[in-house]
Amino acid sequence: MYYNWLAVITIPVMYNWTLIIARASFEELQTDYLVYWLIIDYVSDIIYLGDMLFRTRTGYLEEGLLVKDEKKLRQRYLESQQFKLDLISMVPTDIFYFYCGLRYPEIRMNKLLRYNRMLEFFQRTETRTNFPNLLRISNLVMYIVIIIHWNACFFYSFSKAIGFGVDKFVYPDISHPEYGRLVRKYAYSMYWSTLTLTTIGETPAPVENSEYFFVVTDFLVGVLIFATIVGNVGSMITNMNAAKADFQARIDAIKQYMSFRKVTKDLEKRVIKWFDFLWSNKKAVDERDVLNFLPDILRAEIAINVHLDTLKKVRIFADCEAGLLVELVLKLQPQVYSPGDYICKKGDIGREMYIIKEGKLGVVSDDGLKQFVVLSDGSYFGEISILAIKGSRAGNRRTANIRSIGYSDLLCLSKDDLMEALTEYPEAKALLEEKGRQILMKDGLLDLEVANEGPDPKDAEEKIAKMASIMALLEGQFSLLLSEHEVSQGMMKRRVTKLERKALQELL
């Protein structure tokens, strides 16, 4: 709601910033449409007043909590600097119409003090839009046009003060039919203002001293604007191409390496095509690097939103508790394979399982000539091998050759990551192993005699070795803490000794 209100208040702010100065400079614009201007002016004033009331209802954060108490909100707004500006902008300067007449809309210049609401709207829009660079360029162009517009109005007013047509520098004589129309007046003034502020020149030379001072001031403002334009546009282009430049740097580094190591042309083409696929399909960004800036809870929610449904399709994870699934989702690593790449070959040691997110994989014969079945989106394989179930006839070896038919986007879960997650969920580990045994029994790949022999001595040895390594690590950390403690004790003793000596000296 707050953002929507900012969009509403931005409209009268833009109206005042563009048309008050124009109506003050071009008299016909004010007199010919006076009734419409008065209606719009007072509607804008009502919106301004509503904005002040809205500010007294706008919450703020205090110690991380949103304050909603109306008395506190009102007090905070009334004590702020913004309230003073808002109050000045609501001063009813229109009463001067009774003294000066309706031909002087510049008496409403105090309405321009609400510009910060417009800037806040643009800032919040920039954080919400998916095209921030485009919005920045649009804002820059808008600011430039407004500055040129104001300068055009100043030029016309300056010409009116000196006299129309008195020399070639000022606006031509308005008694001439061609230069008496409102549209021509504004178009000519905008043309002169644009040429001057962009420092292009090609404008008539000044004659009077006041005209020289006016042009010098305009040129100085134009130089600042030109420098701002160049700086902002350069910065925007750099930001727009930052991702592309980083990606291109990686490609160049790979190309140099392949050239230095004399990699075959065929393999070099495959690598370049793989990079092209990543960029064209917007897969060049490393998800882990992007999400690393977020706190754990938000990173987990995004990962759940993106990958959880895919992970639940795997049979052994279908009924796992939510906490384990969250742990596993955070450990999924996206991998992209090119056409013809082998994801695994028969007899390889299975250290990962794969879930097909996008693409097609083929189960092929050993020679790769015959294709038995095609795996598509949502399919998975390798889930049994990473559990290392005792009695499995397949062991932890791959039982099939799986090759990418086209470009394939897979999610990979390593055995180490799974076991690390299961250390905190022993019940889930037992459940997964039981599910794995049932699947193997169903497929006739479980040796019941071996499975019922009890714990494998090798497993105990591995656990003991792991515990020994942990103990060694703890011993090292304890030794480090002990040495730090000894150093701090020594420093404390020296300090106490120094204080004792100082006390004795004072007593003596």
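**Notebook: a buried arginine, two sheets, a pocket and a loop**

**Entry 1. Arg117**

I began with a side-chain pair: the side chain of Arg117 makes a polar contact with that of Asp51, at 2.7 Å. I note at once that the model is a predicted one. I then looked up where Arg117 sits, and found it in helix α7, which covers residues 115-128.

Is Arg117 buried or exposed? Its relative accessibility is 0%, so I recorded Arg117 as buried; the limit for that word is under 20%. Next I listed the surroundings of Arg117, leaving out residues up to four places away in sequence. The residues touched by Arg117 are Tyr2, Trp5, Leu6, Ile9, Thr10, Asp51, Phe54 and Arg55. Asp51, the polar partner of Arg117, thus appears in this list as well.

**Entry 2. The sheet with β5**

I turned to an open sheet of four strands and wrote down its order as β3-β10-β5-β8, with antiparallel pairing. Which strands stand at the edges? They are β3 (333-337) and β8, each of which pairs on one side only. I also noted that helix α14 (residues 296-312) packs on this sheet and touches β5 and β10. The direction of α14 makes about 115° with that of β5.

I followed β5 to its two neighbours. With β10 (residues 408-414), strand β5 (residues 352-358) forms six bridges in the antiparallel sense. Within this pair, I found Glu352 opposite Ser414 of β10.

How many bridges join β5 to β8? I counted two, between strands that run antiparallel, with β8 spanning residues 380-381. Tyr354 faces Phe381 of β8, and Ile355 has Tyr380 of β8 as its bridge partner. I added a general remark from my reading: side chains in a regular strand alternate between the two faces of the sheet.

**Entry 3. The second largest pocket**

Strand β8 led me to a pocket, since I met Phe381 again among the residues that line it. The second largest pocket holds about 430 Å³ of space. Its lining consists of 21 residues. Which of them lie nearest the centre of the pocket? I wrote down Phe381, Gly382, Glu383, Ile384 and Thr399. Both β8 and helix α17 (426-442) supply at least two residues each to this lining.

**Entry 4. The sheet with β6**

I then examined another open sheet of four strands, in the order β4-β9-β6-β7, where the pairing is antiparallel. Why is one side of β4 and of β7 left without a neighbour in the sheet? β4 (342-344) and β7 (371-375) are edge strands with a single partner strand each, so nothing in the sheet stands on the other side. Between neighbouring strands of this sheet I noted an average turn of 30°, direction ignored.

For one pair I looked at the bridges themselves. Strand β6 (residues 361-364) and β7 are joined by four bridges and run antiparallel. Among the partners, Val363 is matched by Val373 in β7.

**Entry 5. Lys262**

My last entry concerns a loop residue. Lys262 belongs to the loop between α11 (242-260) and α12 (265-280). I noted that its phi is positive, about 60°, although Lys262 is not a glycine. Is Lys262 buried or exposed? The relative accessible area of Lys262 is 70%, and exposed means over 50%, so I recorded Lys262 as exposed.

Definitions and conventions: Residues are numbered from 1 along each chain as its sequence is written. This is a predicted model: local features need pLDDT of at least 70, side-chain atom pairs count only at pLDDT 80 or more; totals for chains, interfaces and linings use all residues. Side-chain values use heavy atoms; hydrogens and water are left out. Two strands pair if DSSP finds at least two bridges between them. Buried means under 20% relative accessible area, exposed over 50%, partly exposed in between (1.4 Å probe, protein chains only). A polar contact is a pair of N or O atoms within 3.5 Å; within protein, one must be able to donate a hydrogen and the other to accept it, and residues adjacent in sequence count only if both atoms are side-chain atoms. Contact means heavy atoms within 4.5 Å. Axes are lines fitted to C-alpha atoms, for helices over the stretch in contact, and angles run from 0 to 180 degrees between N-to-C directions. On a 1 Å grid over the protein atoms alone, a cavity is a set of points where a 1.4 Å probe fits but cannot get out, and a pocket is an open set with protein on both sides within 12 Å along at least five of seven lines; lining residues have an atom within 4 Å of a point. Grid points are joined across faces, edges and corners, and a volume is the space filled by probe spheres set on the points.
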